[in-house]
Amino acid sequence: MSRFTDYFALYDPVAAPFMHQMLAQYDKTKPLQGITIVHNVPLTLTTLLKIACLDAAGADVTVTNPSFMHKAPKTIEVLQQEGLRYQPLADIGGSFDLLLDCGAELIEQCHASQGIVELTRTGAMRYEAYQDAHVPIVSVDNTRLKSLETCLGTGEGVYRAIMKLAKKQLHNKKLLIFGFGKVGTGIAYYFSKITQDITVVDMLPERLQRIEKRGYQAVSAELPQQVEAAIKQADIIVTATGIKDLISNSYAPAWFKGKILANAGAEDEFGFNFKESEVLAAKKPVNFALKEPTLMRFLDPIFYAHNLAIEDVLNDTTAGFRPLNQETDKSIVEQWAKHHGWSLDELDRIF
Ligand SMILES: NC(=O)c1ccc[n+]([C@@H]2O[C@H](COP(=O)([O-])OP(=O)(O)OC[C@H]3O[C@@H](n4cnc5c(N)ncnc54)[C@H](O)[C@@H]3O)[C@@H](O)[C@H]2O)c1
């Protein structure tokens with residue numbers, strides 16, 4: 001498998017309808033003919049479909065990979081076969097029409113003459129604080145469609161990974177989750193299919209209310225004795241707060257003995273008191289132990305939106321930071337739900 005077409009065959013129109021639709025349309029209309037783009041998104045086999053769409057649109061694409069991720073080895077071979085340029089992030093510089101960024105890394109070293117599109121929360125926060133914007137900066141993070149990936153996609157991946165790595169029957173076990181952000185919400189949703197005994201710890205009163213509204217037991221992180229009791233009762237404990245060393249800094253390691261432990265956060269949330277062997281996937285984000293940490297069906301809409309936001313940038317040239325326009329966001333979520341057989345009410349209940 002060394003051509004874009006191989007990956008469009010692997011991720012067929014059932015798994016990736018947005019990518020297939022975009023490829024067909026861009027191939028016909030060439031809307032980005034001659035536009036120079038730097039593409040800084042984790043370079044995985046799934047990302048190849050996204051890059052292929054830009055290439056089909058006629059864009060002159062330079063591909064790189066964010067500093068915080070290893071690129072998938074096979075990807076470079078495919079890009080070479082397709083005649084596309086790959087450059088390590090450190091070597092990227094100069095002026096381009098558009099920066100398609102992840103984590104606001106490109107702005108340090110490139111000049112954008114027409115606009116920027118950002119993928120992540122961290123990057124959006126950095127770009128939002130950027131005072132001297134001379135071009136439009138559109139974020140696809142501040143959208144509802146992002147929840148399809150971060151909440152449902154990550155939740156499903158974490159659930160799938162724990163089911164596989166735990167190597168035991170987990171039905172009706174007691175689950176405890178730290179953090180009810182997008183990731184914790186998705187994890188609770190997928191586990192609710194196999195257990196009714198779900199407790200979630202969070203800091204924020206608004207989140208604690210939301211936990212109860214979803215039918216789970218809420219425990220405030222401000223009440224250590226209640227957290228201790230919840231830890232001692234749990235069979236499975238999953239962290240999703242984004243806080244490094246949270247568990248080691250706050251709770252006694254002895255309370256966690258004999259339980260299935262998994263971290264969903266980017267940082268090691270169990271921390272220095274826990275050995276790699278005590279936490280599934282050696283303490284790394286547990287879904288990354290899988291061949292597909294997030295299934296293509298959840299990546300497809302966000303890849304599509306990140307590319308489509310170029311049209312937003314080119315059509316409305318007002319300088320400064322803004323989220324992707326709401327109509328586009330709404331339309332993508334509706335199309336996704338229809339294609340994959342979810343009702344909008346069901347999505348509202350989860351998010
Ligand atoms: N594994 C993956 O594939 C994947 C994908 C996306 C994001 N992530 C990571 O998952 C983590 C969570 O992401 P998110 O978008 O849900 O973040 P978020 O900020 O939306 O949610 C974090 C939640 O943790 C709560 N929290 C803070 N301190 C707490 C404490 N002491 N005890 C309990 N709860 C506490 C916050 O109130 C918040 O509700 C981040 O590290 C993120 O980078 C992982």
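**Figure 1. Pairing of strand 4 with its neighbours in the predicted model.** G94 stands opposite C110 in strand 5. The model shown here and in the following views is a predicted one. Strand 4 and strand 5 run parallel and are joined by 7 bridges. Strand 4 also pairs with strand 1, again in parallel, through 3 bridges. Within that pairing, L100 of strand 4 is the bridge partner of H39. Strand 4 covers residues 94-101, and 6 of its 8 residues are buried, so the strand is largely enclosed by the rest of the structure.

**Figure 2. The seven-stranded sheet and its edges.** The sheet is open, has 7 strands in the order 3-2-1-4-5-6-12, and its pairing is parallel. Strand 3 (85-86) and strand 12 (320-323) stand at the edges; each has a single partner strand, so one side of each is left without a neighbour in the sheet. Strands of a sheet pair through backbone hydrogen bonds, either parallel or antiparallel. Strand 5 (residues 110-118) and strand 6 (residues 136-139) run parallel, with 3 bridges between them. One of the residues involved is E118, whose bridge partner in strand 6 is S139.

**Figure 3. Helix 3 over strands 1 and 2.** Helix 3, formed by residues 47-56, lies across strand 1 (36-40) and strand 2 (60-64). The direction of helix 3 is at about 160° to that of strand 2.

**Figure 4. Helix 2 and its surroundings.** The 13 residues of helix 2 reach 18 Å from the first C-alpha to the last, close to the 18 Å expected at 1.5 Å a residue. The buried residues in helix 2 are P17, F18, M19, M22, L23 and Y26. An α-helix has 3.6 residues a turn, so residues three or four places apart point the same way. The cover over the buried residues of helix 2 includes helix 1 (4-10), helix 3, helix 11 and helix 12 (326-340). Just after helix 2, K30 adopts a positive phi of about 45°.

**Figure 5. Packing of helix 2 against helix 11.** Two packed helices are described by the angle between their axes and the distance between the axes. For helix 2 (residues 17-29) and helix 11 (residues 296-315), the axes come within 7 Å and cross at roughly 35°. From helix 2, the residues P17, F18, M19 and M22 meet D300, P301, F303, Y304 and N307 of helix 11. By class, this contact has 7 nonpolar, 1 polar and 1 charged residues.

**Figure 6. The kinked helix 6.** Helix 6 spans residues 145-165; at 1.5 Å a residue its 21 residues should span 30 Å, and the separation of 29 Å between its end C-alpha atoms agrees with this. A kink of about 25° is centred on G153. Of the 21 residues in helix 6, 16 are buried, and the helix is mostly covered. K167 follows helix 6 and has a positive phi, near 55°.

**Figure 7. T318 in the loop ahead of strand 12.** T318 is found in the loop between helix 11 and strand 12. A residue is exposed if 12 or fewer other C-beta atoms lie within 10 Å of its own. T318 has 9 C-beta neighbours inside 10 Å and therefore counts as exposed. The C-alpha atoms of T318 and P136 are separated by 5.6 Å, although these residues are 182 residues apart along the chain.

Terms used: Residues are numbered from 1 along each chain as its sequence is written. This is a predicted model: local features need pLDDT of at least 70, side-chain atom pairs count only at pLDDT 80 or more; totals for chains, interfaces and linings use all residues. Helices (H or I, at least four residues) and strands (E, at least two) are DSSP runs, numbered from the N terminus. The expected span of a helix is 1.5 Å times one less than its number of residues. The bend at a residue is the angle between axes fitted to the seven residues ending there and the seven starting there. A residue is buried if 20 or more other C-beta atoms lie within 10 Å of its own, exposed if 12 or fewer, and partly exposed in between; C-beta atoms are placed from the backbone. Axes are lines fitted to C-alpha atoms, for helices over the stretch in contact, and angles run from 0 to 180 degrees between N-to-C directions. Two residues are in contact if their C-beta atoms, placed from the backbone, lie within 7 Å. Ala, Val, Leu, Ile, Met, Phe, Trp, Tyr, Cys and Pro count as nonpolar, Asp, Glu, Lys and Arg as charged, and the others, Gly among them, as polar. Two strands pair if DSSP finds at least two bridges between them.
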